[in-house]
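Hi,

Here is the structure I promised to pass on. Have a look at it first, and then read on for what turned up in it.

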Amino acid sequence: MEQSTKRLSKKELRQIWKRWGFTHLSSMSYEKLQAHAWAYSYLPFAEKYYKNDPEKKKRLLMRHSMFYNTEPQTGQLINGIVASLEEEIAIGGDVPEEMPINIKTTLMGPLAGIGDSIIQGIIVPILLSIGMGLASGGNALGPIFYILSYGVVGVLISYLAFMNGYKLGVNAIDVIIGENAKRITDAFNILGVMVVGGLAASNIALVTKLKIPMGEEVQALQEVLDGIFPKVLPLAMVLLAWYLLTSKQLTATKVILVLTVISAIGVVVGVF
């Protein structure tokens with residue numbers, strides 16, 4: 001049975017990238033999560049290399065139908081690496097069929113940590129803060145900006161990650177596992193905390209109306225707090241939200257309700 005020995009073209013690589021990049025969450029199950037989209041993305045690959053070899057086509061789709069879960073945008077780096085390995089297998093290179101499976105299993109955890117730190121900890125808060133600033137006066141440009149900017153940034157990260165993963169091949173493993181991955185993740189986590197802290201200080205408005213006696217006069221408690229620790233009340237609300245999410249395991253919706261009740265009661269009794 002003859003099979004193609006040609007390398008993947010740019011168009012075919014973009015097809016693999018696009019199929020998984022835009023369908024990774026379209027078919028989910030507790031058993032396999034994002035695996036369905038992997039198998040779907042390699043259908044054209046199977047037709048190119050294994051059109052006349054049903055057994056190899058079956059093995060290809062089976063090894064890409066196993067459980068898989070990672071951060072979608074940066075996770076495309078794994079897809080690029082796997083595409084290069086599958087290409088070597090298809091054209092008769094010295095790569096065992098188990099290697100793509102091992103690569104996916106090994107890298108999906110580290111890439112999820114790095115990706116979540118970058119996307120959820122840095123990019124999303126920054127874009128949201130800009131969008132909220134634009135929308136604060138009722139300007140519809142705020143949500144439009146976020147939707148379009150995240151659409152561009154997310155797709156760009158996804159595409160570059162895939163193409164660079166394909167170019168690096170198995171050599172990329174040395175960069176993203178072990179101590180290197182831990183240092184990268186720690187660095188982005190620290191940067192993410194700084195970004196979230198800055199956004200909390202600049203976007204959360206909470207002041208107290210209480211006044212305290214200062215000898216024969218009274219002074220606004222907020223002025224005293226600002227002189228000691230500016231923005232201490234927004235910080236307290238952020239720490240409370242963090243405590244409820246981590247220690248009490250409340251959902252984000254319940255935390256929002258708790259903070260709303262606290263704020264409402266504080267306004268009614270004249271504290272806030």
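Let's start with helix α5 (residues 76-90) and α6, whose axes are 10 Å apart and which pack at an angle of about 170 degrees. An angle like that makes α5 roughly antiparallel to α6, since anything over 145 degrees counts as such. Bear in mind throughout that this is a predicted model. On the α5 side, the residues that meet α6 are L77, I78, I81, V82, L85, E86 and I89. Their counterparts in α6 are M99, P100, I103, K104, L107, M108 and L111. Sorted by class, this contact has twelve nonpolar residues, two charged ones and no polar ones.

Now follow α6 to its other partner here. Helix α6 (residues 98-135) also meets helix α7 (residues 141-168), and their axes come within 7 Å and cross at roughly 155 degrees. That makes α6 roughly antiparallel to α7, and their crossing is right-handed. If you want to find the contact on screen, pick out I119, I123, V124, L127, L128, I130, G131, L134 and A135 in α6. Facing them in α7 are L141, G142, P143, F145, Y146, S149, Y150, V153 and I157. What classes of residue make up the contact of α6 with α7? There are 15 nonpolar and three polar residues, and no charged ones.

Helix α7 has a further contact, with helix α1 (residues 10-23). These two pack at an angle of about 130 degrees, their axes being 10 Å apart, and are therefore oblique to each other. Their crossing is right-handed. From α1, the residues K10, L13, R14, I16, W17 and F22 take part; from α7, they are V155, S158, Y159, F162, M163 and Y166. The contact of α1 with α7 divides into nine nonpolar residues, one polar and two charged.

On to charges. Side chains of opposite charge can pair when their charged atoms come close. How many salt bridges does a search of the whole structure find? The count is eight. One salt bridge to look at is K57 with E47, where the closest N and O atoms are 2.7 Å apart. K57 sits in helix α4 (residues 54-63) and E47 in helix α3 (residues 43-49), so this pair ties together parts that are ten residues apart in sequence.

Last, the strands. Strand β1 (residues 211-214) pairs with strand β2 (residues 217-220) in the antiparallel sense, over four bridges. Two of the bridge partners to try: K211 goes with A220 in β2, and P213 goes with V218 in β2. Together β1 and β2 form a hairpin, with two residues between them. One residue in the turn, G215, has a positive phi of about 70 degrees.

Shout if anything is unclear.

Cheers

Methods: Residues numbered from 1 in each chain as written. Predicted model: local features only at pLDDT ≥ 70, side-chain atom pairs only at ≥ 80, totals over all residues. Heavy atoms only, no water. Pairing = 2+ DSSP bridges. Axes fitted to C-alpha atoms, helices over the stretch in contact; angles between N-to-C directions. Parallel < 35°, antiparallel > 145°, perpendicular 65-115°, else oblique. Left-handed = near helix turned anticlockwise from the far one by under 90°. Contact = heavy atoms within 4.5 Å. Nonpolar A, V, L, I, M, F, W, Y, C, P; charged D, E, K, R; others polar. Salt bridge = Lys/Arg side-chain N within 4 Å of Asp/Glu carboxyl O.
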